[in-house]
Structure formats: C-alpha cells, structure tokens
Amino acid sequence: MGVPDQLADRMSMAEQHEYLRSRFSRRTMMRGGAVTLGAVVGGAFVPGATARAAVPTRSTAPSAQKVDGRLVAPFGRHLAYGNDPRTEMTVSWQVPVAVDKPFLRIGAHPWDLSHRIGAEVRTLYTPAGVGASADHTQYYVHAKLAGLKPGRTYYYGVGHAGFDPAEPHLLGTLGTFTTAPAHKAPFTFTAFGDQGVSYHGLANDALILGQNPAFHLHAGDIAYADPSGAGKTADTGFDARTWDQFLAQTESVAKSVPWMVSYGNHDMEAWYSPNGYGGEEARFTLPDNGPDTKNLPGVYSFVHGNTAIISLDPNDVSFEIPANLGISGGTQTKWFEAQLKKYRAAKDIDFVVVFFHHCAYCTSTAHASEGGVRQEWVPLFEKYQVDLVINGHNHQYERTDVIKGDTVTKKLPIGGTAYPETEGVVYVTAGAAGRSLYAFTAPDSYEGHEHEVDAVASFVNTKDGKVNETVAWSRVRYLNYSFLRVDVTPAPKGHYTTLTVQGIAETGDRIDHFTVARRAK
C-alpha cells in the first residue's frame, strides 16, 4: 500500500518515504496507523489493591524534549468506570507537551492524599498531511484505580515532575469522584450524542452538571475531529487538535462524572488503525469486558445499582455507513445476547439500558433509521425486554411509542408509563448535544406544544439502499438542543421500580417525560 493520493499530492518524495517508513516499519506498532501508544510509566492502584500493568508499545513520533514541569498544567480530565463501578475507576487527562513521571494522588480528604501513583502515557502522533493540521503530538495520561470502596467519594489530583497537586497552592486543581453503591439505591444518569465543540455543547454540559448525575452516557460522535464521518482515509477536514478543545470543554463535567462513551461514525478516524479506533484507544480507557477489545473497544457493559448499562458499536452493523460493516464477524451480537441473558437472570438487576449511536427508529430527514440495527439487535431488545434504548446520530430529540415487531403496541403520551415486560420497547434519539441541527418532515410535538399526527414520512437504510416508510410510532419531536435525564428509583421485591425519563432542553425547559416500570426482583 502506498501513500494515499490525497496526501501524495502534497508531499515531496522524501516526505512520502518517511510517511511509509513510519506507518509500516515496525511490527509492534498498531497496524496501519500514524499513531501508537506511548510507554507505560506504571500501573496505578490504591492501598490494598493489585497494581495493573499495561503492555508498552513504541511511538512513531519523534522524541519530544521535555520542558520544566512547573510550567505545564494538566487539562481535559475525564473519568470512566472500570469493569466494576463499585471498586474501579480510571482517571484520564492530557498534557500539552511531554512531561516526566506523570502520576495521580487520591484520598478521602483533600489534605490527606496518597503517595504518587504512576500513570500510563499514550502518545498520539498525527503527521503533516493527515487532515488539516501540521505535525501534532498529543499526550494522553491514564491511571486505573482498583480496590476502591463502594459508594465512597474520593478526592484526586493529577500531576507530574514539577507539578504536584498536593502542594498547597495547587489544591484548587483537585477533583472528586464517587464510586457506585454496593446495593440498590436511587440515582440519576444523563445521556446524549453528537456533541462536538460549540457554545451549545458547553451549555448542555453546564446543565448536565446541575443534574448531579452518577454517570453520563455519550452515544457516539464525540468530538467531530473528523467532520466527514465516512470512516475512510479519504475523509476531508480532519483535525486532531479538535480533541484538545473537546476535552477542555468537557472537563467541567467529566472530571467528576464518569463519561462513558460509545463510538459513532465520526469516531472512526481511519488514519490511526484499520478499525479507526486507534485514536480513541489513546484518549479513553473503558471497561474491557466486551467481546473483542481489539476491534470493538467501545463495546462493554457495567452495572450501577439495580441497572445494567450496555454500550454497543453500530458501525459493525451499519448499512448506511459501511466502513466497519461486519468487523466483528457476528461476535458482537452473540456477546450482546449473552449479556442480556445474564442480566435478566441476575437477582439484583431490574433494568437493562442499551446505548449506541445509529438509530433503530427515527424520522430525521438526515439519517433516519438504521436497518442493520433493526435486523441484528431489535429482535434481541424485544426478546429480553430491554427497558430503554438511547441513540444519537440524528441531531434532534425524538421519542417513540412502545414498539414491538415494528408496530406500535401502545401509544405512550407525554407523562405516560411503559411496561416492557409485557408491552415492548421505547427508543429515544438524543442527538442534539451540540452539533448543527437536522430536520423532521412532521411538525415538532413536545411537552406544552403537542402536535399529534397519525403518520410521519421517513425512511430506513437497508443493504439495498434507502427504503421509504410511513410510520405511526413518532410520539415526541423537538428540533433544538437537548439531553436526556433518567432517574432510577428502586422498590421492594414485587413492587414497581421505575425509570423516570425526561428530555431537557438547553433552555432548561422539560420537553418530554415518561416512566418505564417493572416489578422489582
């Protein structure tokens, strides 16, 4: 494989030679990438826990000369649960230049922090000619914590040689996080998709922080560094520096609220690895309990209280944008069904919530519905009575009635209650987190401004192309910026436990609310 035509036109022969050498000369590199991960400084742990070591890899980027650490401040902090949210958390951050000996401190009080816990540096190098920027090196740092106590709030600080958050003048840089509880208890989580960098993205973040969520779900298309979104090296406009802006924007929430991401089509950055996720693996550390962490690093599950959350990768089943179509060879769907069986059999789990990017049911004029999702996963949603499906992809808010077998089994008006054990599944498109908005063919219909219609013209993306359809399941439509709030209320065995779901506009107004109820185990 040679230099892509769109790059060769801009490169001298010497630059082309260096490009090819850096991409293909080392077997230890991430295949096909302009990027690899930096060396591990150390596995992070807390007292009483086992240190977690990672496998070091080589970097294609030239060695950067380190500057005085006193002059460098970390930014872009973001949290993620480990496989067990009760006892595991990963703290991730970024530094603008290479630093020595990055570390994390943690403690129950800001004046009583632990010793330095070494952190892993993943160096992401984007050479000139890839997208819109010149040579750009990004330094992402990760510290995985285990052995934490359930339901406990911790203080933490991140630093490196010359920058110690335990120093009195830097205590203001400390953050906090709270682990999941050991038992069932009420909690709130939030969700949206398609954020990017904008005033609207920042405004939604500010509102989300005010909800005091236990965690946040980002249903794909995270930063939009690749605005084309086809998942190919021919995509135009890519700028790796967009991630620096995004992580700085998101830090206000993500430094204290686990920011659990799922990958969309704009997150397939094809320059870094064959599956497009090499850059994401540098930036995020997610639970590694999925079916194929090599090809599908954004597929995983976790449990918080009485609720199981499953993240899927619809790029694997997308007919509309087929760059990664079939990448798992069917293993994702098999794993998904196994997870559903496990969670439905678990005596302490009541609800199952699934989130991913492409919509199963949406009437947007842009992407509408994904036939691959309907074909592969909708039958499993129905078979195992999934309580709530959250999507992005279409930049608007839309909520369905209760659906089973592609038909409405129950109209679900604003304020209504769905019973998934007997009725079917409710789908919410929450893709208006910050990017430019799309459109509907039918008028908006939302809380306080209801405009019911019997049928809405739309289409579904199939393996044979777009197929028009007229649907009756579009219950709530809102064409402005918004996000989702979900309040989980446990109940004694045999009584109804509930998910109270609200659509919240960027203005703070409520645009939708409904309840999902099932008998507690």
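This short talk describes the fold and some local features of a single protein chain.

Good morning. The model before you is a predicted one, and every statement I make should be taken in that light. Let me begin with the chain as a whole. Eight helices and 27 strands make up its secondary structure. Of its 521 residues, 59% count as buried. The chain exposes about 19,600 Å², and 52% of that area is supplied by carbon and sulfur atoms. As for the contacts with a separation of 6 or more, 72% of them join residues that lie 24 or more positions apart.

I turn now to the sheets. One open sheet has seven strands in the order S12-S13-S14-S16-S21-S17-S24, and its pairing is mixed. Its edge strands are S12, residues 300-304, and S24, residues 474-478, each of which pairs on one side only. From one strand to the next, the twist averages 15°. Within this sheet, S14 (residues 351-355) and S16 (residues 388-391) are paired in the parallel sense over three bridges. In that pairing, Val353 has Leu388 of S16 as its bridge partner. Helix H6, residues 331-345, packs on the sheet and touches S12, S13 and S14. The direction of H6 makes about 175° with that of S13, residues 307-311.

Another open sheet has three strands, again with mixed pairing, in the order S15-S22-S23. Why is one side of S15 and of S23 left without a neighbour in the sheet? Both strands, S15 at 369-370 and S23 at 465-471, stand at the edges and have a single partner strand each, so one side of each remains unpaired within the sheet. Strand S22, residues 456-462, runs antiparallel to S23 and is joined to it by seven bridges. For Ala457, the bridge partner in S23 is Thr470.

Next, I would like to consider helix H3 and its surroundings. H3 covers residues 199-210, twelve in number, and reaches 17 Å from its first C-alpha to its last, close to the 16 Å expected at 1.5 Å a residue. At its start, a side-chain oxygen of Ser198 comes to within 3.3 Å of the backbone nitrogen of His200. The buried residues in H3 are Gly201, Ala203, Asn204, Asp205 and Ile208. Their cover includes strands S9 (187-192), S10, S11 (259-262) and S25 (482-489), together with helix H4 (242-254). After H3 comes Asn212, with a positive phi near 55°.

Strand S10, residues 215-219, contains His216. Is this histidine buried or exposed? His216 counts as buried, because its relative accessibility is 0%. Beyond its neighbours within four places in sequence, His216 is in contact with Thr190, Ala191, Phe192, Ile208, Val257, Pro258, Trp259 and Met260. Of these contacts, Ile208 is one of the buried residues of H3.

Finally, two loop residues deserve a word on backbone geometry. Tyr224 is not a glycine, yet has a positive phi of about 65°. It lies in the loop between S10 and H4 and is buried, with a relative accessible area of 6%. Asp406, also not a glycine, has a positive phi of about 65°. Asp406 sits in the loop between S18 (402-404) and S19 (407-410). With a relative accessible area of 44%, Asp406 is partly exposed, whereas Tyr224 is buried.

Thank you for your attention.

Conventions:
Residues numbered from 1 in each chain as written. Predicted model: local features only at pLDDT ≥ 70, side-chain atom pairs only at ≥ 80, totals over all residues. Heavy atoms only, no water. Helix = DSSP H or I, 4+ residues; strand = E, 2+ residues; numbered from the N terminus. Buried < 20%, exposed > 50% of the residue type's maximum accessible area, 1.4 Å probe, protein only. Contact = heavy atoms within 4.5 Å. Areas by Shrake-Rupley, 256 points an atom, 1.4 Å probe, with all protein chains shown as cover. Pairing = 2+ DSSP bridges. Axes fitted to C-alpha atoms, helices over the stretch in contact; angles between N-to-C directions. Expected span 1.5 Å × (residues − 1). Polar contact = N/O pair within 3.5 Å; in protein donor to acceptor, adjacent residues only side chain to side chain.
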